[in-house]
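Please open the model in your viewer and keep a selection panel at hand. The tour below moves from one selection to the next and says what is found at each stop.

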Amino acid sequence: MGGYAVTAQYYDPLASLTHAETDRRIAAALAGLDETGGPFIDIGAGTGLTTALIAAALPEVEIWAVEPDPAMRPALMTRVWSDLDLRTRVTILPCGIAETPLPERIAGAVLSASLVHFSPADRAHLWPLLAGRLAPGGRIVAEVQCPHAQDLPEAAIGEVGVGRMTYRGAASARKIGPDRQRWHMTYRASMDGREMACHETTYDCWAISADEVLEEAATAGLIGQIADELIILRPASG
């Protein structure tokens with residue numbers, strides 16, 4: 001997950017602004033989930049925004065926060081440690097999902113803003129890995145961010161104030177393969193009209209559409225439905 005060494009310091013304020021509606025949909029998709037099926041897996045937990053969302057939506061479930069990027073984990077640990085409820089329920093895994101020693105049964109999983117980091121080969125391993133452990137009443141919620149690779153001109157992604165500082169982000173993208181896209185991110189911090197910092201970074205992502213997710217997941221014994229930018233997967237039987 002290259003690029004987060006720069007992005008990490010700007011992630012929470014901008015993601016809280018731009019991802020709020022998706023977060024509400026994720027919370028709604030988790031409503032009524034059986035919390036007794038085992039730990040719930042937050043795949044690509046980042047700074048823990050989605051981890052906290054899961055904890056609020058599922059107040060009894062144990063959560064495994066899987067985050068391989070060392071730039072994001074300090075914020076994740078701070079969020080978990082500073083909240084007594086999270087501290088007692090959340091385990092932080094400093095590795096990718098393929099390296100995580102998952103239990104035999106899981107209540108479910110969320111991939112919020114993280115599916116783009118999984119190559120076709122990674123996904124071919126991911127769906128069976130989760131499906132084979134998913135409790136009968138469990139759910140996997142995956143966010144589709146890039147349905148297809150394309151060139152995108154630079155556009156603002158948000159502006160938010162923290163104290164006297166104003167943070168702004170902008171993003172552009174370039175197609176680098178039939179299902180591959182390279183993002184260029186620019187972050188600016190200013191105070192009283194004076195720019196105090198400007199950072200740029202790039203990272204690559206894999207494009208996949210909602211229909212393609214359903215097709216791939218079906219081969220692992222999962223069925224699902226499309227809900228806006230989310231895919232909600234369940235066991236095909238049980």
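Is Cys-205 buried or exposed? In this predicted model, Cys-205 has a relative accessible area of 1% and is therefore buried, the cut-off for that class being under 20%. Show its sulfur together with that of Cys-146, which holds the closest cysteine sulfur: the separation is 3.7 Å, too far for a bond. A search of the whole structure likewise finds zero disulfides. If you add Cys-95 to the selection, you have a residue that counts as buried at 18% relative accessibility.

Next, display the strands as a cartoon and follow the open sheet, in which seven strands are arranged in the order E3-E2-E1-E4-E5-E11-E10 with mixed pairing. The edges are taken by strand E3 (90–93) and strand E10 (222–227), each of which has a single partner strand, so that one side of each is left without a neighbour in the sheet. Looking along the sheet, you can follow a twist that averages 20° from one strand to the next.

Now select strand E5, residues 134–143, which is mostly covered, since eight of its 10 residues are buried. On one flank, strand E4 (residues 106–111) runs parallel to E5 and is joined to it by five bridges, and here Ile-106 can be picked out opposite Leu-134. Tracing the chain from E4 to E5 takes you through helix H6 (residues 120–131), in a β-α-β crossover that is right-handed. Strand E11 (residues 230–235) also pairs with E5, in this case antiparallel and through four bridges, with Leu-230 of E11 as the bridge partner of Glu-143.

Move on to E10, which pairs with E11 over six bridges in the antiparallel sense; a convenient pair to label is Gln-225 and, opposite it in E11, Ile-232. Then add helix H2 (residues 20–30), which packs on the sheet and touches strand E1 (40–43), E4, E5 and E11, its direction making about 170° with that of E5. Helix H7 (residues 210–218) can be shown as well, lying across E10 and E11 and running at about 165° to E10.

With the sheet and helices in view, turn to the nonpolar side chains. The largest nonpolar core has 29 residues, and those with the most contacts inside it are Ile-41, Ile-43, Ile-97, Leu-126, Trp-127 and Ile-140. Two or more residues come from each of E1, strand E2 (63–66), E4, H6, E5, H7 and E11, and H6 gives the most, with five residues. Apart from this core lies another, of 22 residues, including Ala-45, Ile-54, Val-110 and Ile-232.

Centre the view on Ile-43 and, leaving aside neighbours within four places in sequence, look for its contacts, among them Val-66, Ile-97, Leu-111, Phe-118, Leu-126 and Leu-130.

From there, step to Phe-118: where along the chain is Phe-118 placed? Phe-118 sits in the loop between E4 and H6, and it counts as buried at 10% relative accessibility. Not counting residues up to four places away in sequence, Phe-118 touches Ile-43, Ile-97, Leu-111, Arg-123, Leu-126 and Trp-206. As a last stop, draw a distance between the C-alpha atoms of Phe-118 and Ala-207, which lie 89 residues apart along the chain and are separated by 9.2 Å.

Terms used
Residues are numbered from 1 along each chain as its sequence is written. This is a predicted model: local features need pLDDT of at least 70, side-chain atom pairs count only at pLDDT 80 or more; totals for chains, interfaces and linings use all residues. Side-chain values use heavy atoms; hydrogens and water are left out. Buried means under 20% relative accessible area, exposed over 50%, partly exposed in between (1.4 Å probe, protein chains only). Two strands pair if DSSP finds at least two bridges between them. A crossover is right-handed if, with the strands pointing away from the viewer, the path from the first strand over the helix to the second runs clockwise. Contact means heavy atoms within 4.5 Å. Axes are lines fitted to C-alpha atoms, for helices over the stretch in contact, and angles run from 0 to 180 degrees between N-to-C directions. A nonpolar core is a set of buried Ala, Val, Leu, Ile, Met, Phe, Trp, Tyr and Cys residues joined through side-chain atoms within 4.5 Å. A disulfide is a pair of cysteine sulfur atoms within 2.5 Å.
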